[in-house]
There are 2 protein chains.
Amino acid sequence: MAKTGDRARTKAASALGSLDFALDRGSPVPLYHQLAQQLEAAIGHGVLAPGNLLGNEVDLSVRLGLSRPTVRQAIQSLVDKGLLVRRRGVGTQVVHSQVRRPLELSSLYDDLEAAGQGPATEVVRNEVVPAACDVAAALGVPEGSEVTVLDRLRLTHGRPVALLRNYLPVPLLDLDSARLESTGLYRVMRSAGITLHSARQTVGARAATAQEAARLDESAGAALLTMRRTAYDDTGRPVEYGTHLYRASLYTFDFQLLVRP
Amino acid sequence: MAKTGDRARTKAASALGSLDFALDRGSPVPLYHQLAQQLEAAIGHGVLAPGNLLGNEVDLSVRLGLSRPTVRQAIQSLVDKGLLVRRRGVGTQVVHSQVRRPLELSSLYDDLEAAGQGPATEVVRNEVVPAACDVAAALGVPEGSEVTVLDRLRLTHGRPVALLRNYLPVPLLDLDSARLESTGLYRVMRSAGITLHSARQTVGARAATAQEAARLDESAGAALLTMRRTAYDDTGRPVEYGTHLYRASLYTFDFQLLVRP
DNA sequence: AAGTGGTCTAGACCACTTT
DNA sequence: AAGTGGTCTAGACCACTTA
């Protein structure tokens with residue numbers, strides 16, 4: 001029988017034979033995360049090409065001086081991201097897809113991401129009003145209680161792309177219009193100590209009214225994308241409700257889905 | 001000092017003190033999955049109410065006769081689903097949200113889910129054609145090579161809601177129009193041994209052409225929701241490309257997002 | 001039969017939060 | 001100071017795939 005220590009290459013040459021991973025045990029970054037980052041970088045750079053096998057987890061853990069559960073945790077995080085696929089009895093492979101770096105799951109950050117392509121925001125309205133029925137229901141406050149309403153016009157390359165309307169519980173934070181023109185709402189909320197946790201979105205479409213068309217530089221009756229979103233913090237309390245309009249000619253939602261096993 | 005065996009209730013009475021979990025070690029279902037299912041059921045039934053603490057992981061593992069990593073794996077899966085929140089130094093709580101059972105992430109299965117509300121499909125076209133430019137690019141086949149094109153009209157409650165157009169690589173499977181009228185495309189693919197793994201979607205809007213309007217029982221120029229989707233199997237190979245049209249007056253996309261920590 | 005990932009254990013130490 | 005989750009270890013046995 002082969003000795004345990006004999007780790008000559010098995011049938012499938014592991015694609016990362018010469019790859020060296022620099023793990024810093026003194027770093028506050030967990031080891032499994034360091035490993036995951038470096039694996040992801042290797043995939044991103046093409047060092048690990050689609051279809052390549054990773055080599056079995058036991059050898060890998062020995063080579064890296066880690067325990068197998070730690071190596072598994074790193075690999076699992078990339079499987080969850082859709083970069084790797086595991087097959088029992090076969091091995092772990094780099095996924096074989098054309099869409100290598102997809103848009104994450106995002107779309108919660110669409111406002112912020114848009115900032116990469118010519119950001120501009122105009123705060124049209126920022127005041128406290130009594131909550132209407134739908135707003136009260138979404139935010140979980142009594143109807144008629146005070147909420148902040150925020151209307152913004154978002155532009156890219158000097159052209160209007162979206163009308164954003166948001167409602168927030170008043171006690172949450174005070175909204176500085178100036179700051180809101182230079183950054184996204186979520187960034188403002190985050191720096192106020194509000195950590196977003198989940199959101200529920202509904203995307204639809206309808207024709208523009210004359211007034212909407214005028215603001216968005218479209219003709220009346222043009223198709224608009226609509227989005228309603230309620231966002232929740234850590235504890236599940238609603239912290240924001242928004243009803244937004246996007247010019248369909250300039251904007252689409254795209255996202256990647258992973259099928260849970 | 002308190003003895004180790006002393007597991008009288010600590011400061012926060014664990015909400016599942018009297019809950020009994022039936023774990024079957026003989027079952028092929030993993031223990032962590034059995035535990036996760038029963039926790040999820042307890043949350044669903046309201047036995048574990050929002051805000052309730054779960055009790056610390058060490059005690060829990062002792063009570064259940066499991067190791068702590070196994071208990072953690074069960075809890076983690078529910079955290080990933082958005083049902084639980086962990087806080088270091090505090091504990092694990094049932095999330096405090098109004099939207100308890102959201103639509104999963106779904107939307108890949110929208111066709112199938114729709115079957116719950118008055119399903120009907122009419123196969124309008126099912127034939128082999130040479131691949132156009134965009135189709136070839138999406139499916140990763142040479143332009144002009146043969147692909148199957150499938151046009152379907154989807155109705156609910158007797159009214160048309162969507163025009164679905166799908167392209168598939170020919171060698172993949174042969175599509176039985178009769179079966180496609182009684183179930184969804186993905187179900188047919190699945191029973192042919194094709195396991196979907198991920199998909200990339202783009203949602204937009206535009207006005208209906210006269211022909212589209214006629215088919216969908218809308219007036220010309222009405223706002224339609226558009227969806228383009230490419231779906232991939234385990235290995236990352238594209239297995240389906242679809243361009244769909246939905247009546248915005250009858251259909252919206254909704255989904256839940258979780259923010260990655 | 002050999003090799004792979006899937007599951008599970010029984011500990012350990014650390015970082016963070018609350019009292 | 002006490003209690004919590006976060007990380008990590010060094011093994012073990014099993015189920016599945018391939019040859």
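So, R68(B): one of its polar side-chain atoms sits 3.3 Å from a base nitrogen of DNA strand C, and I'm calling that a polar contact, meaning a pair of N or O atoms within 3.5 Å. Keep in mind that this is a predicted model, where local features need pLDDT of at least 70, side-chain atom pairs count only at pLDDT 80 or more, and totals for chains, interfaces and linings use all residues. Side-chain values use heavy atoms, with hydrogens and water left out.

Okay, the phosphates. L31(B) puts a polar backbone atom 2.5 Å from a phosphate oxygen of DNA strand C. From chain A, T92(A) has a polar side-chain atom 3.3 Å from a phosphate oxygen of that strand.

Zooming out, there are 26 residues around DNA strand C, where being near means having a heavy atom within 4 Å of the strand. N56(A), R68(A), R25(B), L31(B) and T70(B) come nearest. And of the strand's atoms within 4 Å of the protein, 69% belong to sugar and phosphate.

Which helix gives the most to this surface near DNA strand C? That's helix 3 of chain B, with three residues; helices here are DSSP runs of H or I, at least four residues, and strands are E runs of at least two, numbered from the N terminus.

Last stop, T202(A), in strand 6 of chain A, residues 196-207. T202(A) counts as buried because its relative accessibility is 13%, and the cut-off for buried is under 20% relative accessible area with a 1.4 Å probe, protein chains only. Leaving out residues up to four places away in sequence, T202(A) touches T226(A), M227(A) and R228(A), plus T252(B), F253(B) and D254(B), with contact meaning heavy atoms within 4.5 Å.

Technical notes: Residues numbered from 1 in each chain as written. Chains lettered and ligands numbered in written order. Polar contact = N/O pair within 3.5 Å; in protein donor to acceptor, adjacent residues only side chain to side chain. Buried < 20%, exposed > 50% of the residue type's maximum accessible area, 1.4 Å probe, protein only.
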